[in-house]
Amino acid sequence: MNDSVDSIRVRPARAGEREPAAKMRADKLSAWFGSKQALREITLPIVERKVTAVIGPSGCGKSTFIRCLNRMHEVVGGARTTGDVVLDGKSIYGPEVDPVRVRRRVGMVFQKPNPFPTMSVRDNVLAGLRLSGIDPPDPDALIEEVLGQAALWDEVKDALHSPGGALSGGQQQRLCIARCLALEPEVVLMDEPCSSLDPVATAKIEELIHELRDRYTIVVVTHSMQQAARVSDYTAFFYLGALVEYDLADVIFTKPSDPRTEDYITGRFG
Amino acid sequence: MTPEMERAYIGRKFIDRAAMLASSLAVALALLPLIALLAYVVSHGVRAFSASFFLEPIGARGAGMANAIVGTVELVLLASAMALPLGIAAGLYLAEYRSTGLARAVRFAVDIHAGVPSIVVGVVVYAVVVVRMKQFSAFAGAISLAIVMLPLVTRTTDALARTVPDSLREAALALGAPRWRTAIFVVLPTASAGIRSGCLLAVARACGETAPLLFTAYNNRFFNESLADPTSTLQVQIFTYTMTPNADWHAQAWAAALVLVAIVVVLNVAARLLVAERS
């Protein structure tokens, strides 16, 4: 396990690329639910405009970890954190930081698609802005743009006024991604975004993650090692609330250095 | 099957039938008062219906109840304007901050409030409002009705807002919405059908309340000139007429009762329809 942020080596994802920049860093981040510790001193960089996958067995703290990256962890009663998370060099846990502003920069997509049932597809896309009290100057252009980015525009362009809950599960999840993108976040956190979807919808979301990484920094929590291998540039393996190993996805999935990582990715436990 | 099992089986079947019969009877008995009440009120009330009943005030020749009908509507509207926004806001608070100490204390207080006899509410409003204004008034009556409605609205809103899944709250919070916007623009609309029907039931309850009005709105033989005047209501007028020996006034009281029951039934049916529309 690594002791400080700087001791983690961040290698370029592809040969010839420069040393990648970290958009976010967790520094000795610990998290609790009441007296139960869910994360133990996680130190981990999140590389800019790359996909970082967080894998590990159920209960290993991977969802808790990404919820700490946009201060959603503390929304649950009795939840607290120690350590720090840095975004663009500045702590997001500083006393003067408003969690509302952090969440606008670090968006989140949840495990279960959760479009607002009382709103139309169109209003769902605009919900983030409206809930922040912002009236977009050209809503129609914005809607077309972000639904396009979420690969949903062609499927819903004639149904923008139907309720968001009327779409299929996979479409709902892409709607939630579009809703998140409408706020122009810098980082997008995805908490097992495909776990309630069928294989076809899963493939679409994975493809989407691939396309989005040119514009956004993405962190994906996933149960599926195949998915992590397919979509991620960097992979972190969590076990029992601690970070076991972090490296390029290729390295993690071909020659992991920790025996626990190897056992997990070869399916010996989990 | 052994003969013992056979006997036990027959015994169970008998008990099953008997229990079914007993509970059906209980249902019929429970419905009997309601049906009798409706039948009695309708049969007696319809006889006194006439154009003047709806058009003339109590104090005029040919006496109707127009001022009492207007008074009931006026008081209930005024009370709703006070109790509904306050109750919905308080209920939302209870649901959104459900685990705080304040929320628990308030919820407990609201439960006690709901159990306070409405005559007590009337007496207190008399002491606090009527005595100070030195006058019975529509305003004082509306305050009493609002106090009776408030716990009903608060608890309904609380209960229904809590049925809104947390995943929607989290969705809004993760989009950078402050808590208050999440409550008003996500939780409230999602629970709105149920909350509206709960509000209608509270309004229906206020329509029927008499005790809080006896010494607040009091009564008036004519249309009131302002909200600061004593005001007639169907409820209190029924009470007043019933206490007289005059057969004509008894008939009027029946008609007034029918109007009141009709208002309550309409509001209840509307509340049902709202819930049905949601599901």
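**View 1. The low-confidence start of chain A in this predicted model.** Residues 1–7 of chain A have pLDDT (the predictor's confidence in each residue, from 0 to 100) under 50. For this segment the model has 10 contacts (heavy atoms within 4.5 Å) beyond four places in sequence. Where pLDDT is low, the predicted coordinates should not be read in detail. Chain A as a whole averages a pLDDT of 90, and 93% of its residues score at least 70.

**View 2. The interface of chain B and chain A.** In chain B, 16 residues are in contact with 23 residues of chain A. The two chains bury about 1600 Å² between them (accessible area, 1.4 Å probe, lost on being put together and summed over both), with 67% of it on carbon and sulfur atoms. B:Glu170, B:Ala174 and B:Leu175 supply 38% of the area that chain B buries against chain A, more than any other three residues.

**View 3. The salt bridge between B:Glu170 and A:Arg67.** Their side chains meet at 2.6 Å, N to O. One salt bridge (a side-chain nitrogen of Lys or Arg within 4 Å of a carboxyl oxygen of Asp or Glu) is found across the interface. Helix 7 (166–174) of chain B (helices are DSSP runs of H or I, at least four residues, numbered from the N terminus) and helix 8 (179–190) each supply at least two residues of the side that touches chain A. The largest share, seven residues, comes from helix 7 of chain B.

**Notes.** Residues are numbered from 1 along each chain as its sequence is written, and chains are lettered from A in the order in which they are written. Local features need pLDDT of at least 70 and side-chain atom pairs count only at pLDDT 80 or more, whereas totals for chains, interfaces and linings use all residues; side-chain values use heavy atoms, with hydrogens and water left out.
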